[in-house]
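Visitor: Could you take me through one part of this model in close detail, beginning with a single side chain and working outward to whatever surrounds that residue? I would like one connected account rather than a list.

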Amino acid sequence: MKQQSRETTVQTRTTKRNKKSKKRRARRRFFATLTVMVTLIVVIVVVLNLRVKPSEQLDPALRSASKNAVNILICGIDNEEGRTEENTDVIAVANFDYKNNTAALFQIPRDTWVGEDLVGSYGKINGLYANGYVDGSVAPGIGCVAQAINDIFQLPIDHYVTIKMEGMREVIDALGGIEVTMTKTIDFQNGTILYEGETYVLDGIAADWFVRFRNGYNIPDLGRLDTQRMFFAGLLKKLKDTPNSKLLGVLRAVYPYLETDFRIGDLLKLATEAKQLPYESITMLRMPGEPVQQYGSRSLDVWSAHIQATADMLNKYMRAYEEPVPAEDLNLIEIQNTTSEYDDAANSMDNYSS
């Protein structure tokens, strides 16, 4: 009964909070929920073998040489009303290794500093989608993001999936809610505390709030990324347990907001592996680095890469069929390297499942 009471608290308090919010604020908070779902949309699509609408095509030169693995660029596009441009506020590369039956998701913090020579005075990687390369050599769009990740991290990009934030809270409710198991206790500072080791049920509104919360962490964006991993594990479990007939309805809800360059043959190849992938074979990665305050000509808070730690991570988890790439060949910018606290950022999905 104690567990049930806490679940009810999460849902009831969050619902009241959101009813008082303005429509625009609600849409902002839900964006993180949508972008966490992007990776799992790939699973839905390949399981159902559905064709989604094609959009921009990537440069074939960006693709992997090996046929044993595929890299998928996943971006959440923030096109909220009032913005003059669209930013990729979530950026990740998913690696599916067919031969070894493993997967890795490499999260790139949206505030990663890539330089004013590349993006202009903004300097952050999430500005590339809207602006392109500042010298005009690469036009804005998802192709620019793919090109930049290839240039900076030396990672092939075979395909992409993007999702926009509009009107998709019903997706979580269509699944009947998501269970999350807490890997740490979080005080949400409104009377709600979620306790380590316990499992809670989140409806669409509660899930939105859960993954958007950031003010209670020492480093807000990193805390939110860790919370999203808990949510991701719960959503993956739900999708694995949901019949395809029900997933079809979920896909219909999200379909208008998806763009991808997948072809049916690629989907069929992924379909043989995706749904049966065990938790312990999925690794969540975050780019090593550290926060830097008031940097660049606009004095922005940014994320500085740690080049050697990033090279080691990519070589271990993302290059099973390629030669290792030394740190000096990555085109990352290391503003400072004063702590290794955030460098050990690889976790099995099994750590987040109940």
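Guide: Phenylalanine 153, in this predicted model, is in contact, once neighbours within four places in sequence are left aside, with Phe106, Ile108, Ala148, Met287, Thr310, Leu314, Arg319, Leu330 and Leu332. Phe153 is also among the residues with the most contacts inside the largest nonpolar core, a set of 52 residues in which Leu73, Phe106, Leu128 and Ile149 are listed alongside Phe153. The largest share of this core, eight residues, is supplied by helix α5, which spans residues 142-153. A second core, separate from this one, has 46 residues and includes Ile178, Ala206, Leu239 and Leu258.

Two of the contacts of Phe153, Thr310 and Leu314, lead to helix α11 (residues 307-317), whose buried residues are Ile307, Thr310, Ala311, Met313 and Leu314. Seen down the axis of α11, these buried residues fall within an arc of 165°, so they line one face of the helix. The background to this is that an α-helix has 3.6 residues a turn, so residues three or four places apart point the same way. The cover over the buried residues of α11 includes the helix α5 together with the strands β3, β10, β12 (300-305) and β13 (346-348).

Of these strands, β3 deserves a longer look. Six of the seven residues of β3 are buried, so that the strand is mostly covered. On one side of the pairing pattern, β3 runs antiparallel to strand β2 (residues 87-97), to which seven bridges join it, and phenylalanine 96 stands opposite alanine 103 in β3. The two strands form a hairpin with four residues between them, and in the turn asparagine 101 has a positive phi of about 55°. With strand β10 (residues 282-286), by contrast, β3 pairs in the parallel sense over five bridges, and here alanine 104 has threonine 283 in β10 as its bridge partner.

Glutamine 107 belongs to β3, which covers residues 102-108, and it gives a sense of the surroundings of this strand. With a relative accessible area of 8%, Gln107 falls under the 20% limit and is therefore buried. Apart from neighbours within four places in sequence, Gln107 is in contact with Ile91, Ala92, Leu225, Arg229, Met284, Leu285, Arg286 and Met287; Met287 also appears among the contacts of Phe153.

Another contact of Phe153, Arg319, brings in charged groups. Arginine 319 forms a salt bridge with glutamate 322, with the closest N and O atoms 3.8 Å apart. Arg319 is buried at a relative accessible area of 4%, whereas Glu322, at 28% relative accessibility, counts as partly exposed.

A search of the whole structure finds three salt bridges, and one of the others joins the side chains of aspartate 111 and lysine 124 at 3.2 Å, N to O. Asp111 lies in the loop between β3 and α3 (116-119) and Lys124 in the loop between α3 and α4 (128-131), so this pair ties together parts that are 13 residues apart in sequence. Asp111 counts as buried at 15% relative accessibility, and Lys124 counts as buried at 9%.

Methods:
Residues are numbered from 1 along each chain as its sequence is written. This is a predicted model: local features need pLDDT of at least 70, side-chain atom pairs count only at pLDDT 80 or more; totals for chains, interfaces and linings use all residues. Side-chain values use heavy atoms; hydrogens and water are left out. Buried means under 20% relative accessible area, exposed over 50%, partly exposed in between (1.4 Å probe, protein chains only). Contact means heavy atoms within 4.5 Å. Two strands pair if DSSP finds at least two bridges between them. A nonpolar core is a set of buried Ala, Val, Leu, Ile, Met, Phe, Trp, Tyr and Cys residues joined through side-chain atoms within 4.5 Å. The arc is that of the directions from the helix axis to the C-beta atoms. A salt bridge is a side-chain nitrogen of Lys or Arg within 4 Å of a carboxyl oxygen of Asp or Glu.
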